[in-house]
Amino acid sequence: MLAGNWKMHLTIGESIALARAVVEGTTGVTGGDVIVAPVFTALASVAGVLEGSQVAVAAQNVFYEDKGAYTGEVAPAMLRDAGCTYTLIGHSERRKYFHETDGTVNARIKKALSAGLKPIVCVGETEEEREKGVTEFVIGQQVKVGLYGIDSLEHVTVAYEPVWAIGTGKNATPAQAQEVHVFIRRLLGGVYGGAAADSVRLLYGGSVTSENIGRLIGMEDIDGALIGGASLKSESFIGIIKTVSGG
Ligand code: PGA
């Protein structure tokens, strides 16, 4: 699975153009899921462009109520209505700037799943946490609380994105990423059983480029990537997709 997180970039017109380029560039590429996550205002237009293609649409966030007086929020059914199949939840920028907690992440995941929206749950430690040696503790909390009460991983994807690697050009080494992925998979195995944990897709995110994706994806427990900066240009995003698919 390769998901492009466009963050707060691109107008509707620019999003449509990029979506078209991604479809063209990935024609004939098979064997995985390609996803793009535009801004809310561009979701429906991008979904229109991607209809019938193998590229799916994700929202960058979702609220945990169905409807009501929640000015500025968007409910899961509304995202489905706009053509989304997936939604990111708990991205570190949401946690950092908008005070999202593992508790609200949990509520969002539950609500998304109940509306048929597949969550891509983001977890990751800060640089300070890594230096203090509490990476596993932090990731463990985020995964356990985030997924608390969720009885199946069938539609859940987890993205490990070390905060210090996001947008910094300083990506985790394949070995560092693999180590955390194994930790997450074991943790999930303890709760959901080995088979479920083996089939859940674990993405790595943080300064992924067409240069470093090959080494990352070569690691046994890295099943894909969540890509920010490099997904905003069709050449680099398609380069990543082709590297992974071997096309
Ligand atoms: P980046 O962002 O690839 O620009 O580091 C990744 C992300 O935030 O999902």
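This is a friendly dialogue on reading some features of a predicted model.

Q: Let's start with the strands. How should I think about the two faces of a strand?

A: In a regular strand the side chains alternate between the two faces of the sheet. Strand 3 (residues 55–59) is a good case to look at.

Q: Which residues of strand 3 sit on each side, and are they buried or exposed?

A: Val55, Val57 and Ala59 are on one side, Ala56 and Ala58 are on the other, and all of them are buried. Both faces of strand 3 are therefore covered, since buried means under 20% relative accessible area. That makes five buried residues out of five.

Q: Which strand pairs with strand 3, and in what sense?

A: Strand 2 (residues 34–37) pairs with strand 3 in the parallel sense, over three bridges. To find the place by eye, look for Val34, which stands opposite Val55 of strand 3.

Q: And what are the partners of strand 5?

A: On the one hand, strand 5 pairs with strand 4 (residues 86–89) in the parallel sense over four bridges. On the other, strand 5 pairs with strand 6 (residues 157–160), again parallel and over four bridges. Two landmarks help here: Thr87 stands opposite Pro119 in strand 5, and Val121 stands opposite Val158 in strand 6. Strand 5 itself (residues 118–123) is mostly covered, with five of its six residues buried.

Q: Now the helices. How many residues does helix 5 have, and what span should they give?

A: Helix 5 (residues 102–114) has 13 residues, and at 1.5 Å a residue they should span 18 Å. The end C-alpha atoms of helix 5 are 18 Å apart, so the expected span and the model agree.

Q: Which residues of helix 5 are buried, and what do they pack against?

A: The buried ones are Asp102, Thr104, Val105, Asn106, Arg108, Ile109, Lys111 and Ala112. These buried residues pack against helix 3 (76–81), strand 4, helix 4, strand 5 and helix 7. Just after helix 5 comes Gly116, with a positive phi of about 85°.

Q: Which residues other than glycine have a positive phi?

A: Two cases to look at are His99, with phi near 55°, and Ser207, with a positive phi of about 55°. His99 is in the loop between helix 4 and helix 5. Ser207 is in the loop between strand 7 (201–205) and helix 10 (213–217).

Q: Are His99 and Ser207 buried or exposed?

A: His99 has a relative accessible area of 63%, so it is exposed. Ser207 is at 15% relative accessibility, so it counts as buried.

Q: How does one look for empty space in a model?

A: Rolling a probe the size of a water molecule over the atoms shows where empty space is left. In this structure, the largest pocket holds about 470 Å³ of space.

Q: What lines the largest pocket?

A: The lining has 19 residues, and those nearest the centre of the pocket are Phe40, Gln60, Asn61, Arg94 and Phe98. Helix 4 (residues 92–97) gives the largest share of this lining, three residues. By class, the lining of the largest pocket has 10 nonpolar, five polar and four charged residues.

Q: How many cavities of 30 Å³ or more are there?

A: The count is one cavity of 30 Å³ or more. The largest cavity has about 40 Å³ of space. Among the residues that line it are His91, Arg95, Cys122, Gln142 and Glu161. Helix 4 and strand 5 each supply at least two residues of this lining. Its classes are four nonpolar, five polar and two charged residues.

Q: Where is Gln142, and is it buried or exposed?

A: Gln142 lies in helix 7 (residues 135–146). Its relative accessible area is 9%, so Gln142 is buried. Leaving aside neighbours within four places in sequence, Gln142 is in contact with Arg95, Asp102, Val123 and Gly124.

Q: One last residue: is Asp81 buried or exposed?

A: Asp81, found in helix 3, has a relative accessible area of 68% and so is exposed. Asp81 and Ala44 are 37 residues apart in sequence, while their C-alpha atoms are 8.3 Å apart in space.

Conventions
Residues are numbered from 1 along each chain as its sequence is written. This is a predicted model: local features need pLDDT of at least 70, side-chain atom pairs count only at pLDDT 80 or more; totals for chains, interfaces and linings use all residues. Side-chain values use heavy atoms; hydrogens and water are left out. Buried means under 20% relative accessible area, exposed over 50%, partly exposed in between (1.4 Å probe, protein chains only). Contact means heavy atoms within 4.5 Å. On a 1 Å grid over the protein atoms alone, a cavity is a set of points where a 1.4 Å probe fits but cannot get out, and a pocket is an open set with protein on both sides within 12 Å along at least five of seven lines; lining residues have an atom within 4 Å of a point. Grid points are joined across faces, edges and corners, and a volume is the space filled by probe spheres set on the points. Ala, Val, Leu, Ile, Met, Phe, Trp, Tyr, Cys and Pro count as nonpolar, Asp, Glu, Lys and Arg as charged, and the others, Gly among them, as polar. Two strands pair if DSSP finds at least two bridges between them. The expected span of a helix is 1.5 Å times one less than its number of residues.
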